[in-house]
Amino acid sequence: MQILRKLGQAAIVGAALAMVVACGSDGGSSSSTSAENPGTDDAASTVTEAKGGECERLTKSEVEAVIGPNDGGQHDYALGGCIWTATSGAKDGLVEAISATVLPKAQYEAVAEVGEQVSGSADGATYDTIHGELWFPCKSDFCGIKVNISDPDKRKEVALRLGKILQDRV
């Protein structure tokens with residue numbers, strides 16, 4: 001019985017030490033710069049910076065028409081811009097979402113799934129069927145719409161429709 005008690009105490013101490021090492025901090029900032037990490041892509045890392053008004057690019061009714069009730073939009077840390085996520089749960093194993101973003105060329109080149117040329121949108125627009133992403137030049141930047149819905153046959157049509165809306169607002 002004494003052996004079990006000692007093994008239990010050793011396990012508790014070992015787990016506590018593992019947590020301290022895994023969660024420990026040196027008290028400094030956890031962010032890094034590309035000077036500290038030479039392989040870091042500055043363009044891609046700046047995509048994560050939120051910019052004001054990004055979730056006002058599409059209206060509540062425009063987003064609800066596609067994915068239904070949603071979270072009202074949050075900063076999209078993957079593409080920049082805003083992502084609206086359905087609150088109704090998974091549909092056919094997928095939580096539906098819409099993303100809208102406007103990026104400078106360097107950031108666009110770092111994150112966009114470019115795809116194939118597509119008509120029905122701005123000149124130079126491309127659409128990637130695998131990721132449901134539409135990208136097109138808008139003013140001096142690039143606009144993107146990503147449609148993550150359970151009906152793959154409607155993704156392109158929805159992306160083109162929302163892309164026209166976004167293009168008119170930028």
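# Questions on a predicted model

User: What is the relative accessible area of Glu157?

Analyst: Glu157 counts as partly exposed. The class covers values between the 20% limit for buried and the 50% limit for exposed. This structure is a predicted model. In it, the relative accessible area of Glu157 is 43%.

User: Which residue forms a salt bridge with Glu157?

Analyst: The partner lies in helix α5 together with Glu157, 4 residues apart, which is about one turn of the helix. The partner is partly exposed too, at 34% relative accessibility. The closest N and O atoms of the pair are 3.4 Å apart, and the residue is Arg161.

User: How many salt bridges does the structure hold?

Analyst: Side chains of opposite charge can pair when their charged atoms come close. The limit used for a salt bridge is 4 Å between a side-chain nitrogen of Lys or Arg and a carboxyl oxygen of Asp or Glu. The pair Arg161 and Glu157 is one example, at 3.4 Å. The number of salt bridges in the structure is 5.

User: Is Glu96, which forms a salt bridge with Lys91, buried or exposed?

Analyst: The closest N and O atoms of Lys91 and Glu96 are 3.9 Å apart. Lys91 is partly exposed, with a relative accessible area of 45%. For Glu96 the relative accessible area is 6%. Since the limit for the buried class is 20%, Glu96 counts as buried.

User: Which side chain meets Glu133 in a salt bridge?

Analyst: The N to O distance in this salt bridge is 3.9 Å. Glu133 lies in strand β6 and its partner in strand β7, so the pair ties together parts that are 13 residues apart in sequence. Glu133 is buried at 3% relative accessibility, whereas the partner is partly exposed at 23%. The side chain that meets Glu133 is that of Lys146.

User: Asp128 is buried yet has no salt bridge; how far away is the nearest side chain of opposite charge?

Analyst: Asp128 sits in strand β5, residues 126-128. Leaving aside neighbours within four places in sequence, its contacts are Glu113, Val114, Gly115 and Glu133. The nearest side chain of opposite charge is Lys146. A salt bridge needs a distance within 4 Å, and Lys146 is away from Asp128 by 7.6 Å.

User: What pattern does the chain follow when read along the sequence?

Analyst: The secondary structure comes to 5 helices and 7 strands. Among these elements are strand β3, residues 97-103, and helix α4, residues 105-111. Read along the sequence, the pattern is α-α-α-β-β-β-α-β-β-β-β-α.

User: Which element gives the largest share of the largest nonpolar core?

Analyst: In soluble globular proteins, nonpolar side chains tend to be buried together. The largest nonpolar core here has 26 residues, and Ile67, Trp84, Ile98, Leu134 and Phe136 touch the most other members. Two or more residues come from each of α3, β2, β3, β6, β7 and α5. The largest share, 5 residues, comes from α5.

User: How many residues are in the other core, which lies apart from the largest one?

Analyst: The largest nonpolar core has 26 residues. Among the members of the other core are Leu79, Leu103, Tyr108 and Val111. The number of residues in this other core is 7.

User: Which residue forms a stacked aromatic pair with Tyr108?

Analyst: The count of aromatic pairs comes to 2. In the stacked pair the ring centres are 3.9 Å apart and the planes differ by 5°, and the partner of Tyr108 is Phe142. The pair links distant parts of the chain, with Tyr108 in helix α4 and its partner in strand β7, 34 residues apart. Tyr108 is buried at 11% relative accessibility, and also buried, at 17%, is Phe142.

User: Which residues form one aromatic cluster?

Analyst: The stacked pair of Tyr108 and Phe142 belongs to this cluster. The members of the cluster are Tyr108, Trp135 and Phe142.

User: What is the relative accessible area of Ala97?

Analyst: Ala97 is found in strand β3. Not counting residues up to four places away in sequence, Ala97 touches Ile67, Ile83, Trp84, Thr85, Lys146, Val147 and Asn148. Ala97 is buried, and its relative accessible area is 8%.

Definitions and conventions
Residues numbered from 1 in each chain as written. Predicted model: local features only at pLDDT ≥ 70, side-chain atom pairs only at ≥ 80, totals over all residues. Heavy atoms only, no water. Phe/Tyr/Trp six-rings, centres within 6.5 Å; stacked < 30°, edge-to-face > 60°. Buried < 20%, exposed > 50% of the residue type's maximum accessible area, 1.4 Å probe, protein only. Contact = heavy atoms within 4.5 Å. Lys, Arg positive; Asp, Glu negative; His and termini not counted. Core = buried A, V, L, I, M, F, W, Y, C linked by side-chain atoms within 4.5 Å.
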